[in-house]
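Hi everyone, thanks for making time for this. Please have a look at the sequence and the structure on the screen, and then I'll walk you through a few things I'd like you to find.

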Amino acid sequence: MATVELTAENFDEVVADNFVVIDFWADWCGPCRQFAPVFESSSETHEDIVFAKVDTEAQPRLAGAFQVQSIPTLAIIRGGVLVFQQAGAPPQHAFEDLIRQARDLDMDQVRAQAQAQADGS
């Protein structure tokens, strides 16, 4: 699956009920350019996952909503829940392992933990 451009305008539609891996990047960022082929390669391997790119220069509001302070930053959303976010450009094997771990999450348990935190438990 090709990557999609994620914007403030299409965010809700793209994220709704999807497994989404997000790459926050900018043209001037060397590590972002180095990570781009890794991200693209994984997008072709995992056709059931939406791979989305956020140009932080063009989408400062969206980058701000995720509190992105350095790029590249990766984020993973499953079922509307942010399950991972971290700055950095992992090598292919580490990126694939991260995707596997996110895929293996028990989302019922993740939602229960999130609700417990929200309730102050």
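**A walk through the model**

Let's begin with a charged pair: arginine 100 makes a salt bridge with aspartate 104, and their closest N and O atoms are 3.2 Å apart. These two residues sit four places apart in helix H4, so about one helical turn separates them. Aspartate 104 is exposed, with a relative accessible area of 52%. Arginine 100 is partly exposed, because its relative accessibility is 42%.

Arginine 100 has another partner as well. It forms a salt bridge with aspartate 97, and here the closest N and O atoms are 2.6 Å apart. Aspartate 97 and arginine 100 are three residues apart in helix H4, which covers residues 92-104, so again we have a separation of about one helical turn. Aspartate 97 counts as partly exposed, at 31% relative accessible area. Which residues end up in one network when we return to the arginine 100 to aspartate 104 bridge, at 3.2 Å, and follow the shared partners? Asp97, Arg100 and Asp104 are joined into one network by salt bridges that share partners.

Before we move on, please remember that everything here comes from a predicted model.

Now, how many salt bridges does the count come to? The count is five. One of them links lysine 53 to aspartate 23, with the closest N and O atoms 2.7 Å apart. Lysine 53 belongs to strand S3, residues 50-55, while aspartate 23 belongs to strand S2, residues 19-25, so this pair ties together parts that are 30 residues apart in sequence. Are these two residues buried or exposed? Lysine 53 is buried, and aspartate 23 is buried too.

That brings us to the sheet. As a bit of background, strands of a sheet pair through backbone hydrogen bonds, and the pairing can be parallel or antiparallel. In this model, five strands make an open sheet with mixed pairing, and the order across it is S1-S3-S2-S4-S5. Which strands stand at the edges? They are S1, residues 4-5, and S5, residues 81-87; each has a single partner strand, so one side of each has no neighbour in the sheet. Strands S2 and S3 pair in the parallel sense, over six bridges. If you would like a spot to look at, find valine 20, which stands opposite valine 50 in S3.

Next, let's see what lies across the sheet. Helix H4, where our network was, lies across S2, S3, S4 (residues 73-78) and S5, and runs at about 25° to S4. Helix H5, residues 107-118, lies across S4 and S5 and runs at about 85° to S5.

Now for the cysteines. A search of the whole structure turns up one disulfide. It joins cysteine 29 to cysteine 32, with an S to S distance of 2.4 Å. Why do we call this disulfide right-handed? The torsion about the S-S bond of cysteine 29 and cysteine 32 is about 80°, and therefore the disulfide is right-handed. Both cysteine 29 and cysteine 32 are buried.

I also picked out two residues in helix H2. Alanine 36 is found in this helix, which spans residues 30-45. It is partly exposed, because its relative accessibility is 27%. Its C-alpha atom is 9.7 Å from that of proline 72, a residue 36 places away along the chain. Serine 43 is also in helix H2, and it counts as buried because its relative accessible area is 0%. The side chain of serine 43 reaches the backbone oxygen of glutamate 40 at 2.6 Å.

My last stop is threonine 56, in the loop between S3 and helix H3, residues 60-65. With a relative accessible area of 13%, threonine 56 is buried. What does threonine 56 touch, leaving out residues up to four places away in sequence? The answer is Phe24, Trp25, Ala26, Ala63 and Ile71.

To wrap up, here are two things to find on your own screen. Try tracing the network of Asp97, Arg100 and Asp104, and then look for the bridge from lysine 53 to aspartate 23. Thanks for listening!

How values were computed
Residues numbered from 1 in each chain as written. Predicted model: local features only at pLDDT ≥ 70, side-chain atom pairs only at ≥ 80, totals over all residues. Heavy atoms only, no water. Disulfide = S-S within 2.5 Å. Buried < 20%, exposed > 50% of the residue type's maximum accessible area, 1.4 Å probe, protein only. Salt bridge = Lys/Arg side-chain N within 4 Å of Asp/Glu carboxyl O. Pairing = 2+ DSSP bridges. Contact = heavy atoms within 4.5 Å. Axes fitted to C-alpha atoms, helices over the stretch in contact; angles between N-to-C directions. Polar contact = N/O pair within 3.5 Å; in protein donor to acceptor, adjacent residues only side chain to side chain.
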